[in-house]
Amino acid sequence: MKEFWSKRAKALTPYVPGEQPRERKFIKLNTNENPYPPSQTALAAIREAACESLRLYPDPECTSLREALAATFDLKPDQVFVGNGSDEVLALCFQAFFDPDRTILFPDITYSFYPVFADLYGLNYREVPLDECFGLPVEEFMGNNGGVVIANPNAPTGRALSLCHIRALLEGNPDAVVVVDEAYVDFGAQSAVPLIDSYPNLVVVQTMSKSRALAGLRVGFALGNANLIAALNSVKNSFNSYTLDRLALAGAEGALRDGAYLRAITMKISSTRDWAADRLKRMGFEVSDSAANFLFISHPEVPAKTLLDGLRERGILVRWWDKPRIRDYLRITVGTDEEMEALCQALSQLVPEV
């Protein structure tokens, strides 16, 4: 059934996103979406941009949004790149910074798009095992490689590295680019952005999808040395100059103007995460320390697949991977207090009482 496919296309194992149900209403805790609406400032900006100017192409340089991001992060506009979601930005990083003749490194348990990108672009890679507690063995990522990609906080474990460990990675790889994927950084981790001016080999990738509740707009961005940003622009402009539409540009810039809302909803989600983690521990679950908007949990007696199916029967979606080391774990997005209460009630029906 793959007639006319290229050899590379035939060999690919694509990334599988979390389920987006259509047939019934679920409590949806499987794709790390924000349970709260976007900022009203962002929504107002989108409504204003939905006008006759949509007949015109957007600004291919995304100048206004890049300037707003530069001001937000105390950088220069030429240190900012924007793209159609952080997945696209990461894909461009794999093309711009890594070569097939040098092996790149990322953890064995991490965002599962990384090996997909590497395979798509014909890159050699090595997956470095996390330790028994899902910690990143920083020393295993040092030197003699063609680049490093890490998620901080990591997905799906939620664990975060300190800035001193990020600095060690950068200093241990002076001849290679270190990409730090900070999709979840606003929920409790330290951002590596303050290190950008000191390390020309650092690229930080973030997204508007999680903390700013704009997953439906698809806005991601990279921050780094101007030389690295120029490489990303070179790759982008070699296949699509117009990666962000006018509504996405307007909504993203509007969200940046409402820092108070960002702080309020990330604090609320973090608070909900912490009480839910404590509740689950008291129910007998093992819960990994999380600095993200999700929890990574397992139960010593009930298989994760059994819990997954039992929750679905009760109208709750969570995420499970049939992969070594993590098939006994579920990743659960932090929802509203009411949604997390419903989750705990459902799980109490599926596990023995403590």
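This briefing describes selected local features of the structure shown above. The model is predicted. The points concern a three-stranded sheet with a helix packed on it, two helix pairs, one buried leucine, two cis peptide bonds and two residues with positive phi.

**The three-stranded sheet**

- Three strands form an open sheet in the order E9-E10-E12, and their pairing is antiparallel.
- Strand E9 (286-287) and strand E12 (330-333) are the edge strands, each of which pairs on one side only.
- Strand E10 comprises residues 294-298 and is joined to E9 by two bridges, the two strands running antiparallel.
- Within this pairing, Glu286 has Ser298 of E10 as its bridge partner.
- Helix H9, which spans residues 259-282, packs on the sheet and touches E9 and E10. The direction of H9 makes an angle of about 10° with that of E10.
- On the other pairing, E10 and E12 run antiparallel and are joined by four bridges.
- Ile297 stands opposite Leu330, a residue of E12.
- Strand E12 is covered on both faces. Leu330 and Ile332 are buried on one side, and Arg331 and Thr333 are buried on the other.

**Helices H9 and H11**

- Helix H9 also meets helix H11, which covers residues 337-348; the axes of the two helices come within 10 Å and cross at roughly 15°.
- Angles under 35 degrees count as roughly parallel, and H9 and H11 are therefore described as roughly parallel to each other.
- The crossing of H9 and H11 is right-handed.
- From H9, the contact involves Lys268, Thr272, Trp275, Ala276, Arg279 and Leu280. From H11, the contact involves Asp337, Met340, Glu341, Cys344, Gln345 and Leu347.
- By residue type, the contact of H9 with H11 contains six nonpolar, two polar and four charged residues.

**Helices H3 and H8**

- The axes of H3 and H8 come within 9 Å, and their crossing angle is roughly 20°.
- The pair H3 and H8 is roughly parallel, because the angle between the helices falls under 35 degrees.
- H3 passes H8 in a left-handed crossing.
- On the H3 side, the residues that meet H8 are Ser64, Leu65, Ala68, Leu69 and Thr72. Their counterparts in H8 are Leu249, Ala252, Glu253 and Leu256.
- The residues of the contact between H3 and H8 comprise six nonpolar, two polar and one charged.

**Leu249, a buried residue of H8**

- Leu249 belongs to helix H8, which covers residues 246-256.
- Leu249 counts as buried because its relative accessibility is 12%, and buried means under 20%.
- When neighbours within four places in sequence are left aside, Leu249 is in contact with Pro58, Asp59, Cys62, Leu65 and Leu244.
- His165 lies 84 residues from Leu249 in sequence, and the C-alpha atoms of these two residues are 34 Å apart in space.

**Cis peptide bonds before proline**

- Most peptide bonds are trans, and most residues other than glycine have a negative phi. The cases in this group and the next are presented against that background.
- The peptide bond joining Asn152 and Pro153 is cis, with omega of about 0°.
- Pro153 is found in the loop between strand E5 (147-151) and helix H6 (163-172).
- A cis peptide bond also leads from Ala155 to Pro156, where omega is near 15°.
- Pro156 likewise has its place in the loop between E5 and H6.

**Positive phi outside glycine**

- Asp74 is not a glycine, yet its phi is positive, at about 60°.
- Asp74 is situated in the loop between helix H3 (63-73) and strand E2 (80-83).
- Asp74 is exposed because its relative accessible area is 67%, and exposed means over 50%.
- Asn144, also a residue other than glycine, has a positive phi near 50°.
- The loop that holds Asn144 lies between strand E4 (125-128) and E5.
- With a relative accessible area of 85%, Asn144 is exposed.

Definitions and conventions
Residues are numbered from 1 along each chain as its sequence is written. This is a predicted model: local features need pLDDT of at least 70, side-chain atom pairs count only at pLDDT 80 or more; totals for chains, interfaces and linings use all residues. Side-chain values use heavy atoms; hydrogens and water are left out. Buried means under 20% relative accessible area, exposed over 50%, partly exposed in between (1.4 Å probe, protein chains only). Contact means heavy atoms within 4.5 Å. Two strands pair if DSSP finds at least two bridges between them. Axes are lines fitted to C-alpha atoms, for helices over the stretch in contact, and angles run from 0 to 180 degrees between N-to-C directions. Angles under 35 degrees count as roughly parallel, over 145 as roughly antiparallel, 65 to 115 as roughly perpendicular and the rest as oblique. A crossing is left-handed if the near helix is turned anticlockwise from the far one by less than a right angle, and right-handed if clockwise. Ala, Val, Leu, Ile, Met, Phe, Trp, Tyr, Cys and Pro count as nonpolar, Asp, Glu, Lys and Arg as charged, and the others, Gly among them, as polar.
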